[in-house]
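Please look through the structure below, strand by strand, and then turn to its core and its surface.

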Amino acid sequence: AFGVALDSRRRASRVVPGMSVDSAWLLERETQWFGKATRQTLEPRLLYANTLYRRQSNLPNFDAAAKDFNFDSIFTENAFSGVDRVSDAHQLTAGLTTRIIDAQSGAEAMRLGLVQRYLFRDQLVTPDEQPLTQRFSDVLLLGSTSVIPRWKLDASVQYNPDSSRAVRSILSARYSPGPYRTVA
């Protein structure tokens with residue numbers, strides 16, 4: 001029934017204490033790229049999160065689902081979307097991004113990034129309810145460029161260091177022949 005805990009209580013609550021520290025820096029330098037004035041950035045980022053374990057399997061789950069594993073979601077404290085589940089976490093996520101930006105227009109010509117997460121302890125609240133014991137996450141690599149006029153190319157690779165192979169890769173291209181017109 002809607003709003004009733006799995007053990008037939010009419011009310012259920014939980015308190016899940018946690019804390020996180022997110023540190024992102026932006027370092028820039030003026031440089032030349034193929035003879036053109038550019039600005040290169042170096043953007044290191046660290047996210048430390050520590051959320052205590054609280055059993056939640058006795059509570060209904062209406063809207064919590066696993067987040068997709070990507071460059072944005074790896075920098076979040078909770079592995080779930082929605083509010084019905086809060087993942088326990090004691091983790092450090094480290095990433096590095098660099099960009100080449102046209103000094104005159106401010107347009108991004110190229111972006112490269114690398115990120116990985118380290119778990120200090122097993123994660124018990126998981127989408128499939130199986131403990132996550134893998135200390136190092138897969139490595140995420142991304143790249144994008146708009147060097148070719150009117151074209152934007154994006155690529156990302158999820159690399160598993162344990163199996164020494166890519167487990168997922170995405171390549172996309174967008175063509176914009178003019179304002180408000182895009183073919184993807």
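Seven bridges connect strand β2, residues 27-33, with β3, and the two strands run antiparallel. The model is a predicted one. Where β2 ends, Trp33 has Lys36 of β3 as its bridge partner. The hairpin of β2 and β3 has two residues between the strands, and Phe34 takes a positive phi near 55° there.

Strand β3 covers residues 36-51 and also pairs with strand β1, residues 18-24, in the antiparallel sense over seven bridges. Within this pairing, Met19 stands opposite Asn50 of β3. A further antiparallel pairing, over 14 bridges, joins β3 to β6. Here Arg39 has Ile101 of β6 as its bridge partner.

Strand β6 spans residues 89-102 and contains Leu96. Asp102 is also placed in β6. Are these two residues buried or exposed? Asp102 counts as buried because its relative accessibility is 12%, under the 20% limit. Leu96 has a relative accessibility of 40%, so it counts as partly exposed. Leaving aside residues up to four places away in sequence, Asp102 touches Lys36, Ala37 and Ala107.

Leu96 also belongs to a nonpolar surface patch of about 400 Å², together with Trp25, Leu27 and Leu42.

In soluble globular proteins, nonpolar side chains tend to be buried together. In this model, the largest nonpolar core has seven residues: Leu47, Phe71, Ile74, Phe75, Val115, Leu140 and Leu142. Phe75 touches Leu47 and Val115. Its contacts beyond four places in sequence also include Arg45, Thr93, Ala94, Gly95 and Arg117.

Notes
Residues are numbered from 1 along each chain as its sequence is written. This is a predicted model: local features need pLDDT of at least 70, side-chain atom pairs count only at pLDDT 80 or more; totals for chains, interfaces and linings use all residues. Side-chain values use heavy atoms; hydrogens and water are left out. Patches are made of residues with over 30% relative accessible area and no salt bridge: like charges are joined within 9 Å, nonpolar side chains (Val, Leu, Ile, Met, Phe, Trp, Tyr) within 5 Å. Accessible areas come from the Shrake-Rupley method with a 1.4 Å probe; for residues, only the protein chains shown count as cover. A salt bridge is a side-chain nitrogen of Lys or Arg within 4 Å of a carboxyl oxygen of Asp or Glu. Helices (H or I, at least four residues) and strands (E, at least two) are DSSP runs, numbered from the N terminus. Buried means under 20% relative accessible area, exposed over 50%, partly exposed in between (1.4 Å probe, protein chains only). A nonpolar core is a set of buried Ala, Val, Leu, Ile, Met, Phe, Trp, Tyr and Cys residues joined through side-chain atoms within 4.5 Å. Contact means heavy atoms within 4.5 Å. Two strands pair if DSSP finds at least two bridges between them.
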